[in-house]
Amino acid sequence: MLTGKTLLKSSMDTGQNNPHPLKRVLLVECARGAAAVYVCLHHVNIIGHLAESFKWGKFLFYPLGFGEEAVYLFFFLSGFSIHYSSHNRPLGTLGGIGHYYYLRFRRIYPIFLIAVGLSIALGIFTYSLGIISKTPCHPDGRGLSFVLFFLSDIHEGSWHSGLANNPALWSLSYEIPYYLVYPIFWRYCNRFGIGRAFGVTLLASGAFILADCIKANHVSNIFSLYWLWTCGALMAEWKLTNNSFTLSPVAYYFLLFLCYAVSQSAEAVANPVIHGNLEALTIGVVIFSTFISFQPMLLSKRLLAAWGIVILLLASLLVTRNVPTLGRHIFLDARLIFAAGVLALLLITGTNIASLCRILAKPFLKAGAISYALYVIHMPILYFMADVLRHTGTSFYWMPFALLPIFSLAWWLETKFQARTAGWLDLTRAKLAGVL
């Protein structure tokens, strides 16, 4: 019998799959929980202005400044989870597609409605208390319809910016279209293979990136990142079929550093959609490591390769010394130095970066179960607390205490509300099917 620790280890090991796949891949659950918690901490820092609270705060809280990258990770994990759980679904029939859409609706919409309702209620409550909010939430009917039909976005070219106190909902306006077109992707995969299907989506995303560069628009914003979602589906297929790859660690880590250096250096000089895709590419390269077995190398060659990383670092620092950045240039240098140091250490020790990712993600397994609710409800609560603290003249050091009601509500929504709502929807659907 497998113990809990053994199960976690085996399910995280891509090369040791059971012929009857587990319902969940625990590494994916851990990563989802880690991303959700990180986004919460990112917004506690941003909304509470913690980095500005004391002299060295901007340096201490700088690692919490990458919330959008965590959302890109969500897109990948979403594509992985949908494809992994759909490998035996009859999506080639209208009934199968209808059932798939129903399951997506049942999972997404009930908690989404609670999040929208909570945002509006807290906006009204803030106004009734006579508090002047920096993010007033009083949507009109038109604005609310954009939100409820997942048509809002915070990026340039959007049709509507969404709820002022819950901008995190923008990512659902991307994921819902990905869910809707998945049966087409699934059918193409079955007919031509996952590799060709992913190649087509890669070309399509490239076309949308080009269109967005010409003129920013909502549709291009969404589908410029579709390749990342289908990349998750591609790796889910690899997981299901026990695919693995043997590569040189030198080639892999050099590629990873170059991807990271380019993406970070382009933050203030490239079109936002291009910069976002470069960051997403770096995330994809990191996740690809879970399918890699590195070729063995002598210590002398690993040391030489580590010096190669250092040379790449020095070249990057030289090339980017006059490149504009969104913050102080020292932060770009620090990111490149840190990345080079980590990769050089991994090369010297002969460690796959996937092992480091597993160690970092493993403590967040339980958070994975509440990650969706956590993501959609945390911002209105944080903004409400910030408004109250600002109105009463209380220090923003109290902001982290908002995490207690946030995590409590997320736990209740996922473990109690969602289960009961799903049961009621299933029963209602069965009764309607019987009548019709």
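## Asn165, aromatic pairs and helix 10

Let's start in a loop: Asn165 sits between helix 6 (141-148) and helix 7 (172-192). Keep in mind that this is a predicted model. Is Asn165 buried or exposed? With a relative accessibility of 4%, Asn165 is buried, because the cut-off for buried is under 20%. Its side chain reaches the backbone oxygen of Ser119, at 2.9 Å. Ser119 also turns up among the residues in contact with Asn165 once neighbours within four places in sequence are left aside. The rest of that list is Gly123, Thr135, Cys137, Met379, Pro380 and Tyr383.

Next, the rings. How many aromatic pairs does the structure hold? The count is 38. Take Tyr252 and Tyr253: the ring centres are 5.3 Å apart and the planes meet at 70°, so this pair is edge-to-face, as planes over 60 degrees apart count that way. Both of these tyrosines are buried. Tyr252 also pairs with Phe294, and here the geometry is tilted, with 5.7 Å from centre to centre and 50° between the planes. That second pair ties together distant parts of the chain: Tyr252 belongs to helix 11 (residues 249-265), Phe294 to strand 2 (residues 292-294), and 42 residues separate them. As for accessibility, Tyr252 has a relative accessible area of 3%, which makes it buried. Phe294, at 19%, is buried too, because the limit is under 20%.

Here are the two ring pairs side by side.

| Pair | Centre to centre | Angle between planes | Class |
|---|---|---|---|
| Tyr252 and Tyr253 | 5.3 Å | 70° | edge-to-face |
| Tyr252 and Phe294 | 5.7 Å | 50° | tilted |

Some rings have a charge for company instead. Which residue has its charged end over the ring of Tyr179? That is Arg104, at 5.0 Å from the ring centre. Tyr102 has Arg429 over its face, 4.3 Å from the centre of the ring.

Last stop: helix 10, which covers residues 226-240. Does its length fit the count of residues, or what span should one expect? At 1.5 Å a residue, its 15 residues should span 21 Å, because the expected span uses one less than the number of residues. The C-alpha atoms at the two ends are 21 Å apart, so the model agrees with the expected value. Helix 10 is mostly covered, with 13 of its 15 residues buried. After the helix comes Asn242, which has a positive phi, near 60°.

Key:
Residues are numbered from 1 along each chain as its sequence is written. This is a predicted model: local features need pLDDT of at least 70, side-chain atom pairs count only at pLDDT 80 or more; totals for chains, interfaces and linings use all residues. Side-chain values use heavy atoms; hydrogens and water are left out. Rings of Phe, Tyr and Trp (its six-membered ring) pair if their centres lie within 6.5 Å; planes under 30 degrees apart count as stacked, over 60 as edge-to-face and the rest as tilted. Buried means under 20% relative accessible area, exposed over 50%, partly exposed in between (1.4 Å probe, protein chains only). Helices (H or I, at least four residues) and strands (E, at least two) are DSSP runs, numbered from the N terminus. A charge sits over a ring if NZ of Lys or CZ of Arg is within 6 Å of the ring centre and within 35 degrees of the ring normal. A polar contact is a pair of N or O atoms within 3.5 Å; within protein, one must be able to donate a hydrogen and the other to accept it, and residues adjacent in sequence count only if both atoms are side-chain atoms. Contact means heavy atoms within 4.5 Å.
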